[in-house]
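I opened this notebook to keep track of what I looked up, entry by entry, while reading the structure for the first time.

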Amino acid sequence: MVDAEHNMNFLWDLVFFKVEETIFARPRGEFERSSEVFADMFRLPSGSPEGRDKEHPIILEGYKAEEFNCLLKVMYPTSYSLISGTNIDLHLVKEEWISILKLSTIWNMSQIREYAIHRLSTDLTLVPIEKIQLARAHKVSKWLEEGIVSLVNGDHRLTRKDLPTLGYDMAASVLLIRDQLPQSGALQINKNSIKCAKCSSSDTLLKGNHTCHNCRRILVEDEEFSLLPGSIVAGIPSEQLVSFASIQYLAQIIILMLEWHRRK
């Protein structure tokens, strides 16, 4: 009898996992291709039968069977789960994509992780608090920025139930930045802080006292004045001008993000 030819694309070596009280059996190759963590695990020499049958599964401690099942839906989609009429869709809800993001981050499944971030960002709605929470938990920096900016802009009204997620320091910082934003778009600047950008001199460009041409009020050296976004700056095309209020606002956002990362 002539030996049959092996089709390696569909000759699957199963691996068995136990998550909580549930046994899962799936082709081993996809775990090796998708995850650096599992690829390294499977490369280790071992005479143990672990993972080779349902009596000796690889036990994944600290994980939920429901979350693992969500990840497997993406790793091993079926024609039933994919095809809906003439469209292809995995039919996963937001909570399932969050589970997929969580496990793909932990197990270094970069392609699946990026796809989960894409689906959560484009097809589903994340409120600012969710973005901040998920950004912290799963290292999605753009969601942290988007969430903080939305809170500071007032797109989401903070409530008492948001405090455990944000923390009191973060909530206070968001409210402080929001309160400090100039409503008129004008930026308050100390005269002594106006210095030359071309050299390293610490001297202010506005020495001495200055008088307002309209109200005749005298501005002393250490006094603050308002700089409007529409102010004309000599030698710079108008399309290159950026609102100084926006610069101050973004600087505060960046400081807040860095401070939060530092405290994690």
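Before listing ring pairs I noted the rule: rings of Phe, Tyr and Trp (for Trp, its six-membered ring) pair if their centres lie within 6.5 Å. I also noted that this is a predicted model.

**Entry 1: the aromatic cluster.** I followed the ring pairs and found that they link Phe 17, Phe 24, Phe 31, Phe 38, Phe 42, Tyr 63, Phe 68, Tyr 76 and Trp 107 into a cluster. By the rule above, the count comes to twelve aromatic pairs. One of them is formed by Phe 17 and Phe 31, a tilted pair with 4.8 Å from centre to centre and 45° between the planes. This pair links distant parts of the chain, since Phe 17 belongs to strand S1 and Phe 31 to helix H1 (residues 28–34), 14 residues apart. I then asked whether Phe 17 is buried or exposed. Phe 17 has a relative accessible area of 1%, and because buried means under 20%, Phe 17 is buried. Phe 31, at 0% relative accessibility, counts as buried by that cut-off.

**Entry 2: another aromatic pair.** I turned next to Trp 97 and Tyr 115, which form an edge-to-face pair, 5.5 Å centre to centre with 75° between the planes. Trp 97 lies in helix H5 (residues 94–106) and Tyr 115 in helix H6 (residues 110–122), so the pair ties together parts that are 18 residues apart in sequence. Trp 97 counts as buried at 1% relative accessibility, whereas Tyr 115 is partly exposed, with a relative accessible area of 35%.

**Entry 3: a charge over a ring.** Returning to Phe 42 of the cluster, I saw that the charged end of Arg 28 sits over the ring of Phe 42, 4.5 Å from its centre.

**Entry 4: the sheet.** I wanted to know in which order the strands of the open sheet lie. The open sheet has three strands in the order S2-S1-S3, with mixed pairing. S2 and S3 are the edge strands, each of which pairs on one side only. I traced the mixed pairing strand by strand: S1 (residues 14–19) and S2 (residues 22–27) run antiparallel and are joined by six bridges, while S1 and S3 run parallel and are joined by two bridges. For orientation I marked Val 15, which stands opposite Arg 26 in S2, and Lys 18, which stands opposite Ile 59 in S3. S1 and S2 form a hairpin with two residues between them, and Glu 20 in the turn has a positive phi of about 55°. I also noted that helix H3 lies across S1 and S2, running at about 15° to S2.

**Entry 5: around Lys 64.** I found Lys 64 in the loop between strand S3 (58–59) and helix H3 (65–75). Which residues does Lys 64 contact, leaving aside its neighbours within four places in sequence? Lys 64 is in contact with Val 19 and Glu 20, and Glu 20 is the turn residue I had met in the hairpin. Lys 64 and Ser 99 are 35 residues apart in sequence, yet 9.4 Å apart in space from C-alpha to C-alpha.

**Entry 6: helix H7.** Last, I listed the buried residues of helix H7 (residues 128–138), which are Pro 128, Ile 129, Lys 131, Ile 132, Leu 134, Ala 135 and His 138. Residues three or four places apart in an α-helix point the same way, because the helix has 3.6 residues a turn. H7 is followed by Lys 139, whose phi is positive, near 60°.

How values were computed. Residues are numbered from 1 along each chain as its sequence is written. This is a predicted model: local features need pLDDT of at least 70, side-chain atom pairs count only at pLDDT 80 or more; totals for chains, interfaces and linings use all residues. Side-chain values use heavy atoms; hydrogens and water are left out. Helices (H or I, at least four residues) and strands (E, at least two) are DSSP runs, numbered from the N terminus. Contact means heavy atoms within 4.5 Å. Buried means under 20% relative accessible area, exposed over 50%, partly exposed in between (1.4 Å probe, protein chains only). Two strands pair if DSSP finds at least two bridges between them. Axes are lines fitted to C-alpha atoms, for helices over the stretch in contact, and angles run from 0 to 180 degrees between N-to-C directions. Rings of Phe, Tyr and Trp (its six-membered ring) pair if their centres lie within 6.5 Å; planes under 30 degrees apart count as stacked, over 60 as edge-to-face and the rest as tilted. A charge sits over a ring if NZ of Lys or CZ of Arg is within 6 Å of the ring centre and within 35 degrees of the ring normal.
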